[in-house]
Every structure is written in C-alpha cells, then in structure tokens.
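Trainee: I should like to understand how the parts of this structure are arranged. May we go through it step by step?

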Amino acid sequence: MAGGIGSRFWPMSTQKFPKQFQDILGTGRTMIQQTYDRISKVIPKEQIFVITNKEYVSVSHQQLPEIPEENIVGEPLMKNTAACNLYMANKIAEINPDATMIVLPADHLILKEDVFLEKVELAFEVASKHDYLVTLGITPTRPDTGYGYIQFVEKKGSEYFKVKTFTEKPILEIAQSFLESGDFLWNAGIFVWNVKSIHHAFDLYLPEMMQHFMACEYNSEKENSCIETIYPKVQKISIDNGILEKAKNVYVIPSDLGWSDLGTWTSVYENTEKDKNGNAVKLKHLLSYNSKGNIIRLKNNNKAVIIDGLENYIVVDTDKALLICPRDNDQLIKDYVLDLKNFKKGEKFM
C-alpha cells in the first residue's frame, strides 16, 4: 500500500512527492524500495503488487522497475485502506482463487529483517491452513494515539493468539491504560490472509463495498473504466474499522521486528544515528555549538549549516519551504500544512 501523502513529514514529503518515495533515513533506498527489498526475499517479483494513487503510478514504476508494469495500480480517489485491500484481493483472486496474500504499508521501518521474514512465513502457514485474518503485533513502548491496539487471549505453547479486542487509534487516556495493562500490542498494519477469508469478511461486514467491487472484470481491459465508475460510490473507511474491529477470526503473532511506522520526524530522530551531542544530522558541512537533540535535514547537503544554542528541534530545509519547530510539537505539523493551504499570499503567516 503506497497511496498516502505523509503530511507529517512536510516539507520534505509533499502531495506531489510523498514520504514513501523519499530516502527519509539516508540509506540510499527509498521507503518503498526498502519494503520491496524486504518482501522480495520470500515473494517472487511477478507476484508483488503496488496499489497507490494514480498520481504516483509513474514514480512507482521508476523506483520499482523490477515489478511488472501491470502490477502497479493507481486508485482514482483516496478511499482509505478497506477499498484498496478489497481491490487487490480481487485482482489476486482472479489470478489464483486459493492465494494467500500479505498486505504491507510501503513506508515502515523494520530493523530486524530476519525476524520479520520468520514471522511472515509463520503467518502464511497459519492463514493458508485456517480461515483466519492474521496480523503482526508489536509490543508498545509508549501510549501512542496513532496506532491500532490489539488485545489477545494468551495460550501457552502457541506462536499465535486469538484477538480479543481490536481498537483503532484510541484517545490518550485509553492508550495509557492499554500500555499499563501489559496485554496489548500495536497493530503494525501488516496483514496475511487467504483471499477467500478476506472476501468472506467483506461479505459479512462491508457487503455494499463488496457488491460494488464485484461489478468489475479484473486484470482485463475493462478494469480501469469500471474502477473509475465505482470508486466515487465506495465508502471511505479503514480496513481496521471496517473489518478487523468486527471480525471474530482475527489472530495476532507477537513480533519484535525493530519496527516503526516512521509517522513523525521524532520517530525518524529515534531511528537515526546521532553524533556525540545527540544530533541526528547527515550533512557534509555542519558546525554545532551548544546544541543537542536536534534533527536536521536539507535537500542540498552541500549547504553550510551552523547551529548554536538549539536543543530538541526539527529543522527541515527544501527548495520551497523551511520548517523549524520543537520535536515535542511534531504531531502538529499536519495542522501546519492545513493552515498553510489556507494562507493567502501577502499575509504574515505566524
């Protein structure tokens, strides 16, 4: 899944060039390329599909030339994750009605790749043998309101567990209680299921959406025009709200993956190498005085930068914009972008 706009990573991530197509961590590979590198070790490239906004189909082809062109699909409208999951399940089921598929966000960080591949293999084994919707769960480290939380029923001697409750993005007080209880995991947004199982779930919980998508002939010349016709009619809802919170056959595999969804600049800071003063900076020409805990990103790494007396700040400089804000305010960057859209030329923006 590669259709988001990554507004919390403004000004580096923009609607025209969002974060999944950027090398956010400075590794030499973009987020979507790292996701492909990871999963291509267990899935043949001919069986890897990308679903994104139609505006990003071209850049997806450029960054992933290994994937067949017909496997990169553009949605005509942003309808959240239920629609794109059903769309891809239908395309895959048309090729193989018994297929088991994995769903991966294109912009996540996974440091423990060997563990990830091991858990994916287990998830495929479980989902192919049972009518289960399988997700990978991460032990939470803070009461984060940006993640879904999974409560599971523990069973001794098992590697996977039945989900008791599935809550998407709770308020802070509830997230805090989840953390304190010790029996909740973060939902990493990584799902494995057989196409028959997910179709059955849509039949039960989102039957109207299922009916809309049944109208199309997948992997044919008629597919695009049909999708263009039905998408305005399709409900905008996440797979979490639409299916997983309601389904009774959701199972979770606890997974220590070194995982982050890299949702904010602070999460990038936490996962980036730092200098002796705790500054996450990848610049050729930097002079730092009395400064610590900062993350600095420049589009032009040949530019000379001097920082003095700066502590726990985000500094991002691009051709068109400059962001300077405290790291503990980075959840508000999305709000800054909304304010900027309403900003009129000639006015002071404060």
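Mentor: Let us begin at the interface of domain 1 and domain 2, bearing in mind that the model is predicted. Across that interface, the rule finds one residue pair in polar contact, with both residues at pLDDT 80 or more. By class, the side of domain 1 that touches domain 2 has eight nonpolar, four polar and two charged residues.

Trainee: How many salt bridges are there between domain 1 and domain 2?

Mentor: A search of the whole structure finds 11 salt bridges. Between domain 1 and domain 2, however, the count is zero.

Trainee: What area do domain 1 and domain 2 bury between them?

Mentor: The size of an interface is often given as the accessible area lost when the parts come together. Of the area buried between domain 1 and domain 2, 62% is on carbon and sulfur atoms. The total is about 1,600 Å².

Trainee: How far apart do the C-alpha centres of domain 1 and domain 2 lie?

Mentor: The chain is divided into domain 1, residues 7–260, and domain 2, residues 265–349. The contact takes 14 residues from domain 1 and 18 residues from domain 2. The distance between the C-alpha centres of the two domains is 30 Å.

Trainee: Which features does UniProt list at residues 1–276 and at residues 290–337?

Mentor: Residues 1–276 are 36% helix and 19% strand, with end C-alpha atoms 37 Å apart. Residues 290–337 are 10% helix and 38% strand, with end C-alpha atoms 30 Å apart. In an unreviewed entry, UniProt names the span 1–276 "domain: Nucleotidyl transferase", and it places at 290–337 the feature "domain: MannoseP isomerase/GMP-like beta-helix".

Trainee: Which residue meets Lys 54 in a salt bridge?

Mentor: Lys 54 is in the loop between strand E1 (50–53) and helix H2 (57–63). Its partner is in helix H8 (residues 223–230), 174 residues apart from Lys 54, and the pair links distant parts of the chain. The N to O distance is 3.9 Å, within the 4 Å cut-off for a salt bridge, and the partner is Glu 228.

Trainee: Is the peptide bond from Trp 10 to Pro 11 cis or trans?

Mentor: Most peptide bonds are trans. Pro 11 has its place in the segment before helix H1 (31–39). With omega near 5°, the bond from Trp 10 to Pro 11 is cis.

Trainee: What is the phi of Asn 80?

Mentor: Most residues other than glycine have a negative phi. Asn 80 lies in helix H3 (residues 80–95). Its phi is positive, near 70°.

Key:
Residues are numbered from 1 along each chain as its sequence is written. This is a predicted model: local features need pLDDT of at least 70, side-chain atom pairs count only at pLDDT 80 or more; totals for chains, interfaces and linings use all residues. Side-chain values use heavy atoms; hydrogens and water are left out. UniProt positions are given in the numbering used here, feature names are shortened, and annotations may be inferred rather than shown by experiment. Helices (H or I, at least four residues) and strands (E, at least two) are DSSP runs, numbered from the N terminus. Domain bounds come from an automatic or database domain assignment. Contact means heavy atoms within 4.5 Å. Buried area is the accessible area (1.4 Å probe) that two parts lose on being put together, summed over both. A salt bridge is a side-chain nitrogen of Lys or Arg within 4 Å of a carboxyl oxygen of Asp or Glu. A polar contact is a pair of N or O atoms within 3.5 Å; within protein, one must be able to donate a hydrogen and the other to accept it, and residues adjacent in sequence count only if both atoms are side-chain atoms. Ala, Val, Leu, Ile, Met, Phe, Trp, Tyr, Cys and Pro count as nonpolar, Asp, Glu, Lys and Arg as charged, and the others, Gly among them, as polar.
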